[in-house]
Structure formats: structure tokens, C-alpha cells
Amino acid sequence: MEIQLWREILHPYEQAVAELMVKFRSLREEYRRNNQYSPIENVYGRVKSVSSILEKMQRKNVPFERMEAEIEDIAGIRIICQFVEDIEAVARVIESRTDMRVISLKDYLTNKKKSGYRSFHVIISYTVQTIHGPKDLLAEIQIRTMAMNFWATTEHSLQYKYKGRIPEHITEQLQEIADAIFTMDTAMGLVRSEIIDSQLDSQLQTELVRGILTSIENLYRVESAREVEKIQTEFYEIFKSGDLDELRRFQRQLDIIAEGARAQSVEDRLTGLDRII
Ligand code: 0O2
């Protein structure tokens with residue numbers, strides 16, 4: 001197969017990876033904007049390299065004409081979660097979407113691989129729009145925790161170093177580490193709600209402060225500098241107290257002041273117009 005042809009074959013996969021990354025990242029942003037906990041912590045994506053595709057085809061005895069049907073991970077998305085419990089939540093989100101169709105699931109969480117590998121894989125069918133019309137292709141979404149990802153990334157680099165023949169004693173150590181990581185992940189699950197509450201509070205504080213600062217900036221246009229300075233000092237005092245309810249109340253108060261100032265400036269303009277007419 002010529003280089004040019006590979007580029008043509010892989011282009012829709014590049015498009016799919018780019019689109020899917022945008023979709024999953026904006027899902028995460030949407031949760032955060034709504035001050036909800038996001039089961040998605042990070043999203044990565046890649047198109048499999050030609051050499052890796054060829055190696056897999058060789059290993060699995062796949063002819064070129066069956067490549068797109070049988071190599072399911074030419075387009076690969078990796079979704080990283082904080083907690084094991086989030087993995088199922090992400091899988092459910094994927095299943096409920098209308099812009100992708102689940103083809104199969106591989107549960108390496110309950111059935112870890114012999115290597116110690118743990119992850120949840122969802123194979124989807126996804127349609128990209130090309131200049132030749134719509135094209136359906138397969139993509140693999142790997143969902144795992146940060147700790148599982150740490151293990152898999154490290155083990156993957158050893159696979160590369162030892163060309164798939166990692167010495168027995170290292171393999172055993174890796175299996176033990178994988179189990180220790182799973183024990184740690186499970187223990188983290190016990191304090192999940194505590195951690196989520198604290199993260200949501202910090203998220204909320206960031207959003208409130210951002211809103212308040214924008215309101216104060218806007219007030220500079222309609223209020224005297226002295227008045228705005230007073231408001232700013234009050235904001236610093238409330239911020240120092242760390243009281244989120246107070247911050248929320250302060251933001252509402254600022255909204256009311258801004259609304260009043262806006263109404264006043266419209267009235268002033270109308271009065272000015274009256275005078276001209
Ligand atoms: P890359 O570089 O990530 O593309 P397989 O026969 O296991 O190679 P299969 O049957 O198509 O592949 O599906 P499977 O088992 O779900 O594996 C697909 C991908 O999962 C792999 O792609 C890896 O990314 C990951 N994976 C599976 N098993 C392991 C493992 O033991 N260790 C690590 N680190 N990753 C694993 P590729 O093509 O191997 O690699």
C-alpha cells in the first residue's frame with residue numbers, strides 16, 4: 001500500500017478523533033458550568049500509527065481488505081476518571097448518545113488481563129462527514145482511572161522496550177503493582193463523596209469569584225471609582241472569610257446594583273434625547 005493511500009485511509013480517523021475529543025471535553029465543561037461533578041477528568045486521543053496497525057494486522061492475521069472492520073482501535077480515545085465508580089457513569093453517557101453507536105464492550109475491570117491491565121473499553125461506530133459523503137468507522141474508547149492509566153502507560157513503555165517479552169520477574173512485579181493500584185482505587189472510592197463535595201465547593205468558589213470580578217469591572221463604567229473601590233474592599237473581606245453563601249449573596253447584590261445602574265443610564269440617555277428633540 002502506498003503512503004498516499006494510507007493518508008487517505010487515515011484522514012477520516014483523524015477527523016473522528018478530533019471530533020470525539022471536542023465532544024467529550026465539552027461534556028466535561030458542561031458538567032462544570034452547571035456546578036456538577038464531572039466523571040470525566042481528562043480526554044486524550046490518537047490515531048494508531050501505520051507501523052502499529054501493520055503489526056496488529058500481522059499478529060491477528062487480518063488482510064488489508066478487512067483492516068477497517070477488524071482493527072477496532074485505529075481511532076482511539078482515552079477518558080481518564082478520578083474514581084472507579086466514574087467509569088460506569090461515563091460508559092452510560094456514551095450508551096445514551098445518539099451520535100455514536102455502541103458495538104461492543106470489553107470489561108477489563110472485573111476481568112483484568114493476565115498482564116494486570118485494567119480498563120473499560122467501548123467500541124463504537126461513529127459517522128464522519130467527508131467530501132465523499134458520510135463514512136462510518138470504528139473507534140475504541142478506553143475508560144480508566146488516573147492510577148490505572150499510570151500503570152498502563154508505564155507497562156506499555158516496557159512492552160516497547162522488551163518488544164513484548166518482558167522478563168518474568170518484571171511481569172510478576174507489574175501484576176502485583178496493578179493489584180495494589182486497584183486496592184488503592186477502591187479505597188479512594190470510600191472517600192469519593194467527601195472529595196467530590198470539596199471539589200464542587202472549590203469549583204463554585206472559582207465561578208463566583210469570576211462572576212463577581214466581571215460585575216465589578218462592568219461597574220467601573222457606570223459607578224464612580226470611589227464607589228467601586230468600596231465594593232472591591234467589601235469583596236476582599238468576604239473572600240477572606242471563605243463563606244460561599246456570603247459570596248453568593250454578594251454576587252446577587254452586585255447584580256442588583258448593576259441592573260439599577262444600567263436602568264439609570266438608559267433613563268439618562270432618554271432624558272438627553274428628549275432635550276435634543
Ligand atoms: P496501542 O499502542 O495503545 O495502540 P490486543 O490483541 O490485546 O493487542 P485487541 O484484542 O484489539 O488487542 O483489544 P484489547 O485487548 O482491548 O487491546 C486494545 C488496546 O488496549 C491496546 O492497544 C492497548 O492500548 C490496551 N491494552 C490491552 N491490553 C493491554 C496491556 O496488557 N497493557 C497495556 N499497557 N495496554 C493494554 P495496542 O494495539 O496494544 O496498543
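Let's start at the seam between the two domains: across the interface of domain 1 and domain 2, two residue pairs turn up in polar contact, both at pLDDT 80 or more. That confidence value is there because this is a predicted model. Salt bridges are another story, as the rule finds zero of them across the interface of domain 1 and domain 2.

So who are the two partners here? Domain 1 covers residues 3-166 of the protein chain, and domain 2 takes in 194-276. Their centres, taken over C-alpha atoms, sit 44 Å apart. Where domain 1 and domain 2 meet, seven residues of domain 1 are in contact with six residues of domain 2. Together the two domains bury about 610 Å² between them, with carbon and sulfur atoms giving 57% of that area. On the domain 1 side, look for Asn35, Tyr37 and Phe83: these lose the most area to domain 2, and together they make up 68% of what that side buries.

Now turn to the sheet. Five strands make up an open sheet with mixed pairing, and you can read them off in the order β1-β2-β5-β4-β3. The edges belong to β1 (42-47) and β3 (101-107); each has a single partner strand, so one side of each is left without a neighbour in the sheet. Going from one strand to the next, the twist averages 25°.

Zoom in on the β1 end of things. β1 runs antiparallel to β2 (residues 75-81), and six bridges join the two strands. If you want a spot to get your bearings, find Val43, which stands opposite Ile79 in β2.

From β2 you can step over to a helix. Helix α5 (residues 146-161) lies across β2 and β5 (133-145), and α5 runs at about 100° to β5.

Note on methods
Residues are numbered from 1 along each chain as its sequence is written. This is a predicted model: local features need pLDDT of at least 70, side-chain atom pairs count only at pLDDT 80 or more; totals for chains, interfaces and linings use all residues. Side-chain values use heavy atoms; hydrogens and water are left out. Two strands pair if DSSP finds at least two bridges between them. Helices (H or I, at least four residues) and strands (E, at least two) are DSSP runs, numbered from the N terminus. Axes are lines fitted to C-alpha atoms, for helices over the stretch in contact, and angles run from 0 to 180 degrees between N-to-C directions. Contact means heavy atoms within 4.5 Å. Domain bounds come from an automatic or database domain assignment. Buried area is the accessible area (1.4 Å probe) that two parts lose on being put together, summed over both. A salt bridge is a side-chain nitrogen of Lys or Arg within 4 Å of a carboxyl oxygen of Asp or Glu. A polar contact is a pair of N or O atoms within 3.5 Å; within protein, one must be able to donate a hydrogen and the other to accept it, and residues adjacent in sequence count only if both atoms are side-chain atoms.
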